Amino acid sequence: MSDHPLLQLDDVHAYYGDHHVLDGITFDVDTDEVVAYLGRNGTGKTTTYKLVTGLLEPRRGTITYKDEVINGQEPHKIGRKGVSFVTADEKVFPHLTVRENIRLPTLERDVEPDFEYLYELFPDLREYERSRAADLSGGQQQMVAIAQALAADPDLLLLDEPVQGLAVQFVEKVSSLLDRLTSEQDLAVMIIEHDIDLALEVADRVLVLDEGQIVWQGSSEELAENDEIIDRYIGVQGFA
Ligand SMILES: Nc1ncnc2c1ncn2[C@@H]1O[C@H](COP(=O)(O)OP(=O)(O)OP(=O)(O)O)[C@@H](O)[C@H]1O
């Protein structure tokens, strides 16, 4: 772990009304690592992403990104600092073309996405770049969402079940894509993923959340050998 992690959460608490969802979580994420964020449904994983992206303000604790406290900053400001968030049901704009969708996050910055690089990562998208997003399959639309997040040239990519409901061929693509991205760019990735085999395959490190607390952290290899933690907090394929 470095002295200056890209992202650092320190004793962070989050509530929805009186519902105390995150009960003092502390963890770091460094550039160039893929961190799987695991735990049963409803334990607060997506809520953690909402805090980091500014969609929700922590009641207590500190979120530091690139050595700056970002608690309570506006989502668009945090986005401009290099945080991108892709959810499972990411909505691409159906009436825009693939190319227009990918360009969206860069419009206000007056820069061009690196289409060549993105199409090399997602060859299907080159083929369909002039098609309306609505005409693509669910898996291809998910690729557009990930390409759109990458077009903004993020330093931290937060993926929330990026392959949920997708065909095996897309799952394999996402897995090899993450390998490639973190080896070619200064990028940290956090991934919420219920398929534990996939999570362990793509991640260097794992955080396990239960009842709003980080109950275990370690390398993917360590978790793969720790049946007790898997059974207790993640379960078969992570379903409660
Ligand atoms: N907008 C909201 N208002 C009120 N309660 C919410 C809201 N969003 C989430 N919750 C509750 O907060 C808790 C944590 O939800 P969260 O979505 O962060 O869990 P998760 O670990 O991401 O689960 P999943 O794997 O099902 O996505 C759950 O009990 C959920 O019902």
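In this predicted model, Leu 38 stands opposite Val 208 in strand E9. The connection belongs to a parallel pairing in which strand E3 (residues 34-38) is joined to E9 by 4 bridges.

Strand E9 also pairs with strand E10 (residues 213-219): the two run antiparallel and are joined by 6 bridges. Within E10, Ser 219 is the residue that stands opposite Arg 205. The link from E9 to E10 is a hairpin with 2 residues between the strands. Glu 211 lies in that turn and has a positive phi of about 45 degrees.

How many of the 6 residues of strand E9 are buried? The count is 5, and a residue is termed buried if 20 or more other C-beta atoms lie within 10 Å of its own. Strand E9 (residues 205-210) is therefore largely enclosed by the rest of the structure.

A further element is an open sheet of 4 strands, ordered E2-E1-E4-E5, with antiparallel pairing. Its edge strands are E2 (19-29) and E5 (68-69), each of which pairs on one side only. Strand E1 (residues 7-16) and strand E4 (residues 60-65) run antiparallel and are joined by 5 bridges. In this pairing, His 13 has Arg 60 of E4 as its bridge partner. As a general point, side chains in a regular strand alternate between the two faces of the sheet.

The strand pairings with stated bridge counts are set out below.

| Strand pair | Direction | Bridges |
|---|---|---|
| E3 and E9 | parallel | 4 bridges |
| E9 and E10 | antiparallel | 6 bridges |
| E1 and E4 | antiparallel | 5 bridges |

Key
Residues numbered from 1 in each chain as written. Predicted model: local features only at pLDDT ≥ 70, side-chain atom pairs only at ≥ 80, totals over all residues. Buried ≥ 20, exposed ≤ 12 C-beta atoms within 10 Å, placed from the backbone. Pairing = 2+ DSSP bridges.
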